[in-house]
Amino acid sequence: MTTQLPPAPRPAAPRTPAGTAPVFAGTSLPAQIRILTGRSLRAMVTDPGIVLFGLIQPVVILFVLTQVFSKMGMPPHFPEGVSYLDYVLPAILVDNAAQSAMQSGVGLVEDQKNGMVARLRSLPVHPGALPAARSLVGLVRATVQVLIIMVLAITVLGYSPNGGAAELALSAGLTVFISFSLGWAFIAAGAWLRRAEPLQNLALIVIFPLMFASSAYVPVADLPDWLAAVASVNPLTYAIDASRALALDVPGLDHAIPSVLISAGIAVLGMVAALRGFRRPL
């Protein structure tokens, strides 16, 4: 009589430690993006300083520029019947969009440093899920910051654009879309550089000169000839002019389509570059 041995116990499935990446087995790419986006949004909500510190620079620029330059004489080509606050606020929103976009790349770098990327690579997760989630988080951050800046400008400084509510909403929406597009460019930079310091230096080198070499603070016609030539081909000039035209009901709406197309092109190129950089070995 033969004795049957009991079946060997099955090895236990590996457990994910608490507070780390969730299990993605059997989930689709949209579900993976949703899970990772929710994780990052919860981290942002529990640390409101992330949003607060992101608001410091645009709010400081808002108050300093409007209080200093509003008391000075306006340049010859300044739009008639438009206060300096109304003129400069769309530029401040675009500047905030660029700063918020940079944080999307910094967030990806932090995920690489804290081991999040390494854990995700051991799970059945699409390589584009985390960059896409970071992009959506940046979209939410930019939307919140735009709303806060506009509320402060309206309630504290008396911002009163000539355009209607619908045009103002379109202006804010264009700004948020620009932030989303630039976010992909900085996510790609973060995927390749993998360090926050070079990424922040890159943002300073690119954004700071482009903002001043544009129609952000004075009309292009009032800039020196060489700077006006640069501003006329500067993508930020198209974005600022379009946002300003929508909010203030002034000429420049013809720049809306080029700004959208340029932003969409930046987003597509950023997505491709980010995915290639993200797939590189750690």
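Contact, as used in these exercises, means heavy atoms within 4.5 Å. This is a predicted model, where local features need pLDDT of at least 70, side-chain atom pairs count only at pLDDT 80 or more, and totals for chains, interfaces and linings use all residues. Residues are numbered from 1 along each chain as its sequence is written, and side-chain values use heavy atoms, with hydrogens and water left out.

**Exercise 1. Find where serine 40 sits, decide whether it is buried or exposed, and list its contacts beyond its sequence neighbours.**

Step 1: Look up the element. Serine 40 belongs to helix H1, residues 29-46. Helices (H or I, at least four residues) are DSSP runs, numbered from the N terminus.

Step 2: Check the accessible area. Buried means under 20% relative accessible area, exposed over 50%, and partly exposed in between (1.4 Å probe, protein chains only). Serine 40 has 6%, so it is buried.

Step 3: Leave aside neighbours within four places in sequence. Serine 40 is then in contact with Arg134 and Val137.

**Exercise 2. Describe how helix H3 packs against H7.**

Step 1: Take the geometry. H3 (residues 84-113) and H7 pack at an angle of about 165°, and their axes are 10 Å apart. Axes are lines fitted to C-alpha atoms, for helices over the stretch in contact, and angles run from 0 to 180 degrees between N-to-C directions.

Step 2: Name the arrangement. Angles under 35 degrees count as roughly parallel, over 145 as roughly antiparallel, 65 to 115 as roughly perpendicular and the rest as oblique. H3 and H7 are therefore roughly antiparallel.

Step 3: Add the handedness. H3 passes H7 in a right-handed crossing, that is, the near helix is turned clockwise from the far one by less than a right angle.

Step 4: Look at the residues. Among those of H3 that meet H7 are Ala91, Met102 and Val109, while the H7 side includes Leu199, Ala203 and Ile207. By class, this contact of H3 with H7 has 10 nonpolar, 3 polar and 1 charged residues. Here Ala, Val, Leu, Ile, Met, Phe, Trp, Tyr, Cys and Pro count as nonpolar, Asp, Glu, Lys and Arg as charged, and the others, Gly among them, as polar.

**Exercise 3. Now do the same for H3 and H9.**

Step 1: The angle is about 130° and the axes of H3 and H9 are 9 Å apart.

Step 2: H3 and H9 are therefore oblique to each other.

Step 3: H3 passes H9 in a right-handed crossing. Asp86, Tyr87, Pro90, Ala91 and Val94 of H3 make the contact with Leu236, Ile240, Ser243, Arg244 and Leu248 of H9. The residues of this contact divide into 7 nonpolar, 1 polar and 2 charged.

**Exercise 4. Classify the aromatic pairs that phenylalanine 78 forms with tyrosine 84 and tyrosine 87.**

Step 1: Recall the rule. Rings of Phe, Tyr and Trp (its six-membered ring) pair if their centres lie within 6.5 Å; planes under 30 degrees apart count as stacked, over 60 as edge-to-face and the rest as tilted. The count by this rule comes to 6 aromatic pairs.

Step 2: For phenylalanine 78 and tyrosine 84, the ring centres are 6.2 Å apart and the planes are at 25°, so the pair is stacked. Both residues, phenylalanine 78 and tyrosine 84, are buried.

Step 3: Phenylalanine 78 and tyrosine 87 are 4.7 Å centre to centre with 45° between the planes, a tilted pair. Phenylalanine 78 and tyrosine 87 are both buried.

Step 4: Put the rings together. Phe78, Tyr84 and Tyr87 form one aromatic cluster.

Key:
Helices (H or I, at least four residues) and strands (E, at least two) are DSSP runs, numbered from the N terminus.
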